[in-house]
Amino acid sequence: ELVSCVGWTTADELYSCSDDHQIMKWNPVTSETTRVVKLPDDVYPIDLHWFPRGIGGKKQSQAESFVLTSSDGKFHLISKLGRVEKSVEAHCGAVLAGRWNYEGTALVTVGEDGQVKIWSKSGMLRSTLAQQGTPVYSVSWAPDSDKVLYTSGKQLIIKPLQPNAKVLQWKAHDGLILKTDWNSVNDLILSAGEDCRYKVWDSFGRALYSSQPHEYPITSVAWALDGELFAVGSFNTLRLCDKTGWSYALEKPTTGSIFTISWSIDGTQLAGACGNGHVIFAHVVEQHWEWKNFEITLIKRRTMKVHNVINDAVDLLEFRDRVIKASLNYGYLVVSTSLQCYVFSTKNWNTPLIFDLKEGTVSLILQAERHFLLVDGGGLYLYSYEGRLISSPKYPGMRTDVLNAQTVSLSNDTLAVKDKADEKVIFIFEALSGKPLGDGKPLTHKTEIVEIALDQKGLTNERKIAFIDKNRDLFITSVKRFGKEQKIVKIGTMVQSLAWNDTSNILCGIQDSRFTVWYYPNTVYVDKDLLPRTLYEKDASEFSKNPQIVSFVGNQITIRRADGSLVHLHISPYPAILHDYVSASRWEDGVRLCRFVKDQTLWACLAAMAVANKDMTTAEIAYAAIGEIDKVQYINSIKDLPSKESRMAHMLLFSGSTQEAETLLLQSGLVYQAIQVNINLYNWERALDLAVKHRTHVDTVLAYRQKFLEDFGKKETNQRFLQYAEGLEVDWNKIKAKIEMEIAKERERAAASPAVRT
């Protein structure tokens with residue numbers, strides 16, 4: 001008889017239920033099959049779902065019980081050994097689907113009677129969430145287990161568990177919807193219908209992908225746990241797809257309709273319940289990894305082929321167990337199998353470094369130049385390429401099962417993790433100690449964050465993080481924050497995807513219809529007006545809609561289009577060379593390079609870099625080259641200032657950091673200069689506050705204020721100024737003498753401390 005449902009307990013054990021009333025247990029490794037139990041003759045199973053494994057921090061190595069829904073209107077809680085613990089009358093007519101939530105605290109069932117019911121772990125009815133006139137064929141939990149997605153004819157409905165919360169409903173297919181699945185990592189929804197199409201949606205009901213119509217209705221869809229792949233089942237058809245919808249592979253097995261697809265926990269294989277009584281097993285092979293001149297392919301479950309395209313050399317890498325995850329970057333290949341982790345250097349494929357894994361299933365590998373991160377169900381583990389465990393960062397409410405490459409970012413000294421509980425928060429850790437960075441407070445944004453990325457090069461205290469929020473705006477901010485709130489600056493809008501370069505701090509992204517490269521994103525902190533002049537932009541219409549940046553290595557960017565094809569772009573190599581010169585303080589070489597290339601963008605980058613590094617001579621040359629005459633004059637005036645402190649303060653003013661400039665002057669005891677800065681900026685109140693507080697130059701402030709008002713033909717209305725001006729005669733000669741005295745004093749101080757002069 002037809003097989004109606006399948007479900008994995010471990011990565012090597014599958015249970016299947018069939019209309020012949022049998023529950024079978026399969027081991028695909030040893031090819032053993034055993035009958036677990038024969039159900040009563042009136043019980044026709046429809047859906048099966050194993051109780052989740054990781055509950056309350058305690059990870060069970062395997063699931064211990066499952067829920068089985070059947071055509072007689074009941075659901076049954078059955079142990080792993082096949083004992084029926086409880087049978088519950090749930091619906092009138094068949095119970096078409098049952099699903100545990102991610103925490104295992106609730107069960108949702110749907111039936112032919114059009115009802116959606118929520119049950120407790122022990123099978124007690126908690127609530128009837130919805131009632132409708134048509135059968136509900138499929139149901140899925142939201143990633144946070146606070147909403148339920150279910151079908152209603154051609155409509156999809158997302159209903160929150162809280163009463164009176166807004167219900168989202170939309171027409172998804174032209175025929176009856178048969179199956180849905182909602183992934184907890186990428187928050188995307190799959191739907192399959194009798195209109196012979198499968199579709200991908202985001203959690204707001206926006207269509208991201210719609211397939212071409214197939215020959216037969218799509219009877220099953222299922223996400224792999226990590227949300228990178230999904231599988232589609234139809235009559236004699238099994239298809240493997242990328243999360244953006246395009247298809248990797250199409251198989252035509254003789255199976256009849258595939259009614260259910262279940263992915264194993266490690267995401268390397270899947271099983272399907274077939275209409276002709278078969279259970280089909282399929283393995284994912286031929287994944288590709290590319291880096292510079294190396295191309296690596298997983299040709300069998302335990303074998304990788306390494307191809308060096310320069311000399312056409314081929315190496316085969318054999319593993320003891322099946323490969324689960326791999327990553328190739330920064331000259332290392334990191335491979336995790338079910339029990340071990342292998343680290344290969346691209347210089348030598350024969351002697352990998354091997355160490356055992358604590359937990360088992362690795363869900364994500366991220367690499368930086370000096371170390372790499374493994375993420376599994378138990379936590380985050382940072383290893384050196386010598387295999388030494390460096391740190392294991394933790395934060396409150398940590399859920400590692402929902403992390404992916406968009407929500408975790410690693411650099412040589414910093415690890416950033418976007419939280420799931422509060423989507424507006426990014427936790428930032430010091431890589432070597434695993435402790436929270438700076439004052440320990442996480443980075444908080446005003447709206448939900450979608451994707452994060454740390455820059456890879458430069459000094460630790462200049463480390464930057466770029467992130468995209470829900471409105472698709474791109475922001476950048478500094479990672480190191482001690483007490484003072486670091487400015488989060490917006491540098492792009494409608495950004496689909498972003499990536500930092502691996503060797504210099506250049507950022508690229510796809511904005512709306514343009515591909516943009518920010519050659520020196522730090523410009524926003526130095527001279528905001530200069531930012532548009534440090535960009536490279538190119539029309540992105542050739543990438544079709546929703547393209548994703550795969551990698552940005554050297555000066556080559558790889559972009560994957562919505563149809564799965566890869567496009568390679570090259571950008572100018574000169575900005576990266578300029579970054580290298582500046583990090584080595586080779587300013588003259590930088591100027592020479594800009595003169596050679598004769599490119600305004602490069603000059604603008606050099607100007608910003610010079611100001612950031614307080615090199616005024618280079619800044620002057622670069623600003624002159626791009627025609628910013630006013631800035632050249634200001635830089636010249638800075639050079640003539642008597643003391644280093646004054647020059648530093650005016651540099652800060654140049655970058656728009658008024659507060660820091662004033663603080664620096666006051667700390668250096670240059671009170672008059674701090675007052676004068678505020679007068680020049682027309683911060684009259686602040687200038688008066690300082691003068692009154694330090695009991696000096698009150699008459700100077702009042703004199704300048706009076707002159708300012710006279711110039712504009714205005715009368716004084718501010719009470720404080722009127723109060724201090726009472727009975728005070730403004731004598732400009734006296735004031736000028738005082739100012740000259742202050743400047744002379746500053747000169748003497750500067751001359752007295754030769755260390756400052758150098």
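**Exercise 1. Find which strand gives the most to the lining of the largest cavity, and describe that cavity.**

Solution. In this predicted model, β39 gives the most to the lining of the largest cavity, with three residues.

Step 1. Place the cavity in the search result. Three cavities of 30 Å³ or more are found in the whole structure. The largest holds about 60 Å³ of space.

Step 2. List the lining. The largest cavity has 10 lining residues, and L357, K358, D376, Y381 and Y383 are the ones nearest its centre. Two elements, β39 (371-376) and β40 (379-384), give two or more residues to this lining.

Step 3. Sort the lining by class. Six residues are nonpolar, one is polar and three are charged.

**Exercise 2. Name the domains and state how far apart the centres of domain 1 and domain 4 lie.**

Solution. Step 1. Read off the bounds. Domain 1 covers 3-283, domain 2 covers 285-357, domain 3 covers 359-493 and domain 4 covers 659-757.

Step 2. Take the two centres. Between the C-alpha centres of domain 1 and domain 4 there are 74 Å.

**Exercise 3. Compare the spans annotated in UniProt by their helix and strand content.**

Solution. Step 1. Locate the spans. An unreviewed UniProt entry lists "repeat: WD" at residues 88-120 and 170-202. UniProt also places "domain: IFT80/172/WDR35 TPR", again from an unreviewed entry, at residues 602-748.

Step 2. Take the repeats. Residues 88-120 are 0% helix and 61% strand, with end C-alpha atoms 12 Å apart. Residues 170-202 are 0% helix and 52% strand, and their end C-alpha atoms also lie 12 Å apart.

Step 3. Take the remaining span. Residues 602-748 are 76% helix and 0% strand, and the end C-alpha atoms are 40 Å apart.

**Exercise 4. Identify the edge strands of the sheet β19-β20-β21-β22 and explain what an edge position means here.**

Solution. Step 1. Write down the order. The sheet is open, has four strands in the order β19-β20-β21-β22, and pairs them antiparallel.

Step 2. Count partners. β19 (177-182) and β22 (207-210) each have a single partner strand, so one side of each is left without a neighbour in the sheet.

Step 3. Add the twist. Neighbouring strands here are turned by 20° against each other on average, direction ignored.

Step 4. Check one pair. β21 (residues 198-201) and β22 are joined in the antiparallel sense over three bridges. S210 in β22 is the bridge partner of K199.

**Exercise 5. Repeat the analysis for the sheet that contains β5.**

Solution. Step 1. The order is β5-β8-β9-β10, in an open sheet of four strands with antiparallel pairing.

Step 2. β5 (45-50) and β10 (84-89) are the edge strands, each pairing on one side only. The twist from one strand to the next averages 20°.

Step 3. β5 pairs with β8 (residues 65-70) in the antiparallel sense over five bridges. Across this pair, P45 stands opposite S70 in β8.

**Exercise 6. Trace the two hairpins formed by β30, β31 and β32.**

Solution. Step 1. Start with β30 (residues 288-291) and β31 (residues 294-300), which run antiparallel and are joined by four bridges. W289 faces I296 in β31 as its opposite residue.

Step 2. Look at the turn. Two residues lie between β30 and β31 in this hairpin, and K292 in the turn has a positive phi of about 50°.

Step 3. Move to β31 and β32 (residues 303-308), an antiparallel pair over six bridges. T297 stands opposite K305 in β32. This hairpin, too, has two residues between its strands.

Key
Residues numbered from 1 in each chain as written. Predicted model: local features only at pLDDT ≥ 70, side-chain atom pairs only at ≥ 80, totals over all residues. Heavy atoms only, no water. UniProt positions renumbered as here; feature names shortened; annotations may be inferred. Domains from an automatic or database assignment. 1 Å grid on protein atoms, 1.4 Å probe; cavity = no way out; pocket = protein on both sides within 12 Å on 5 of 7 lines; lining within 4 Å. Points joined across faces, edges and corners; volume = space filled by probe spheres on them. Nonpolar A, V, L, I, M, F, W, Y, C, P; charged D, E, K, R; others polar. Pairing = 2+ DSSP bridges. Axes fitted to C-alpha atoms, helices over the stretch in contact; angles between N-to-C directions.
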